Amino acid sequence: MNGLIIRPYRPSDAIGLATLFHRAVQEGTVEHYSAEQREAWCDRPPTSAGWRARVEEAETIVAEHEGAHLGFMTMDMDTGYLDFAYVAPEAMGKGVADALYAVIEGRARVNGLLRLETEASLLAQPFFKRQGWKLVRAQEVERGGVKIPNAVMEKRLVRRFAAA
């Protein structure tokens, strides 16, 4: 996508990313999850201090185009846990996730991480497989009494040493 900017998270992004997260769940996963599952997952854009803490305490990178948020990813650089990986429905399939992922994995490598882990939605699993991630196990998470299928996935990173 021409003109796509990948940049670090700023505190002023919190509301826009919460809205993007909600839209990605409600609109982007419609072919994979029922209305009941999508409502249990994210019935409205999150506004809690907990939401803000999750995106501010992790390494969060943002994709934008002409000032509009198109996607974001977060990773805990101590544990290698990729928590959020969301793209706006209108930007899905246009390379936004690829661009975000290239940056986040690069930062993980710079930080010396050897193993990455995530809980990937049914929609996200093929994307992660293309990036070299492996399925650890399928699971169902429960939100408000509703079971939502996803998968624990991991990627082992190989240290690369330069020859002198």
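**Stop 1: M73**

Select M73 in this predicted model. Show what surrounds this residue, skipping neighbours within four places in sequence. M73 is in contact with E59, T60 and I61. On the list too are F84, A85, A97, L100, Y101, I104 and F127.

**Stop 2: the core around M73**

M73 belongs to the largest nonpolar core, a set of 25 residues. Which residues have the most contacts inside this core? Colour M73, M75, Y101, I104, L116 and F128 to see them.

Now colour by element. Strands β2 (59-65), β3 (68-76), β4 (81-87), β5 (115-121) and β7 (146-156) each supply at least two residues of this core. Helices α4 (96-110) and α5 (125-130) do so as well. Which element gives the most? Helix α4 does, with 6 residues.

There is a second, separate core, with 21 residues. Select Y9, Y33, V146 and I148, which are among them.

**Stop 3: F72**

Go to F72, in strand β3. Is F72 buried or exposed? Its relative accessibility is 0%, so F72 counts as buried.

Leave aside the neighbours within four places in sequence again, and look at what F72 is in contact with. Select L17, L20, F21, W51, V55 and T60. Then add I61, V62, F84, A85, Y86 and L100.

Pick out L20 from that group. L20 and F72 are 52 residues apart in sequence. In space, their C-alpha atoms are 8.8 Å apart.

**Stop 4: the rings**

Keep F72 and show the aromatic side chains. The model has 14 aromatic pairs. One of them joins W51 and F72. A pair of aromatic rings is described by the distance of the centres and the angle of the planes. For W51 and F72, the centres are 6.2 Å apart and the planes make 85°, an edge-to-face pair.

Why does this pair tie together separate parts of the chain? W51 lies in helix α3 (residues 49-57) and F72 in strand β3, so the pair links parts 21 residues apart in sequence. W51 has a relative accessible area of 6%, so this residue is buried too.

Add F21, F84 and Y86 to the selection. Ring pairs link these three with W51 and F72 into a cluster.

**Stop 5: strand β2 and its partners**

Select β2. This strand is mostly covered, with 5 of its 7 residues buried.

Look at β1 (residues 5-8) beside β2. The two strands run antiparallel, joined by 4 bridges. Find P8, which stands opposite I61 in β2.

Now turn to β3. It runs antiparallel to β2, and 7 bridges join the two. Here E64 stands opposite H69 in β3. β2 and β3 form a hairpin with 2 residues between them. Zoom in on E66 in the turn, where phi is positive, about 50°.

**Stop 6: the whole sheet**

Show every strand. Strands of a sheet pair through backbone hydrogen bonds, either parallel or antiparallel. In what order do the 7 strands of this open sheet lie? Follow β1-β2-β3-β4-β5-β7-β6, with mixed pairing. The edge strands are β1 and β6 (134-143), each pairing on one side only. On average, neighbouring strands are turned by 25° against each other, direction ignored.

Finish with two helices. Helix α1 (residues 14-28) packs on the sheet and touches β2, β3 and β4. The direction of α1 makes about 95° with that of β3. Helix α3 also packs on the sheet, touching β2, β3 and β4. The direction of α3 makes about 105° with that of β4.

Definitions and conventions: Residues are numbered from 1 along each chain as its sequence is written. This is a predicted model: local features need pLDDT of at least 70, side-chain atom pairs count only at pLDDT 80 or more; totals for chains, interfaces and linings use all residues. Side-chain values use heavy atoms; hydrogens and water are left out. A nonpolar core is a set of buried Ala, Val, Leu, Ile, Met, Phe, Trp, Tyr and Cys residues joined through side-chain atoms within 4.5 Å. Buried means under 20% relative accessible area, exposed over 50%, partly exposed in between (1.4 Å probe, protein chains only). Contact means heavy atoms within 4.5 Å. Rings of Phe, Tyr and Trp (its six-membered ring) pair if their centres lie within 6.5 Å; planes under 30 degrees apart count as stacked, over 60 as edge-to-face and the rest as tilted. Two strands pair if DSSP finds at least two bridges between them. Axes are lines fitted to C-alpha atoms, for helices over the stretch in contact, and angles run from 0 to 180 degrees between N-to-C directions.
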